[in-house]
Amino acid sequence: MDFSQLSILGIVLAVIANMVIGALWYSPVLFAKIWMKSLGKSMEELQTSNANIGYGLTTLAGIVSAIVLSLFISMLDSVTIGGGALIGFLAGVGIASARELSPTFFEGRKYTLFLISAGYHTVSLTIMGIIIAFFTK
């Protein structure tokens, strides 16, 4: 692996995109109401002092995801924006979303939560793949 092939700008922009998508995805603009109802929680319960830890961990996970996605993309000889989208989409559906199935089943989570979470991962990783591919040499 040649880490010199990674675009810091692409990674940073992908992390920002991940954060923006997450903020919209879990906001009243998109899925906040149905997500909170499925969780059985109110907005007040979710806005605790632990929320900052959650945001920090989410940001850290976005950074790790962007770096790993960038490594995947840089391993290929030539990646187009469409190829980056496909790699991100496959990572979203085939890895992130697939990994959500076990806790959904074994913990008895509502399938609505699975669909919201899987959709977020798939959309976010697809957009991240596009951004990273655009900046990959």
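**Figure 1. Contacts along the chain, from one end of the sequence to the other.** Of the contacts between residues at least 6 apart in sequence, 77% link residues at least 24 apart. Here, contact means that heavy atoms lie within 4.5 Å. Keep in mind that this is a predicted model, where local features need pLDDT of at least 70 and side-chain atom pairs count only at pLDDT 80 or more, while totals for chains, interfaces and linings use all residues. Residues are numbered from 1 along each chain as its sequence is written, and side-chain values use heavy atoms, with hydrogens and water left out.

**Figure 2. The whole chain: six helices and zero strands.** Follow the sequence and you get the pattern α-α-α-α-α-α. Helices (H or I, at least four residues) and strands (E, at least two) are DSSP runs, numbered from the N terminus. The C-alpha atoms fit in a box of roughly 45 × 30 × 25 Å along the principal axes. As for the radius of gyration, taken over C-alpha atoms, the globule rule is 2.2 Å times the number of residues to the power 0.38. A compact globule of 137 residues would come out near 14 Å, and the chain's 16 Å agrees with that. Buried residues (under 20% relative accessible area; exposed is over 50%, partly exposed is in between, using a 1.4 Å probe and protein chains only) make up 37% of the 137 residues.

**Figure 3. Close-up of S97 in helix α5.** This serine sits in the helix that covers residues 81–106. With a relative accessible area of 7%, S97 is buried. Not counting residues up to four places away in sequence, S97 touches G92, F114, A118 and T122. The side chains of S97 and T122 also share a polar contact of 3.2 Å. A polar contact is a pair of N or O atoms within 3.5 Å; within protein, one must be able to donate a hydrogen and the other to accept it, and residues adjacent in sequence count only if both atoms are side-chain atoms.

**Figure 4. Close-up of S117 in helix α6.** Look for S117 in the helix made of residues 111–135. S117 is another buried residue, at 12% relative accessible area. Setting aside neighbours within four places in sequence, S117 is in contact with Y26 and E100. With E100, the side chain of S117 makes a polar contact of 3.4 Å. Now try I81: 36 residues from S117 along the chain, with 24 Å between the two C-alpha atoms.

**Figure 5. Close-up of I21 in helix α1.** You'll find I21 in the helix that runs over residues 8–25. I21 counts as buried, at 14% relative accessibility. Leaving out neighbours within four places in sequence, I21 is in contact with Y120, V123, S124 and I127. S78 is 57 residues from I21 in sequence, and their C-alpha atoms are 27 Å apart in space.
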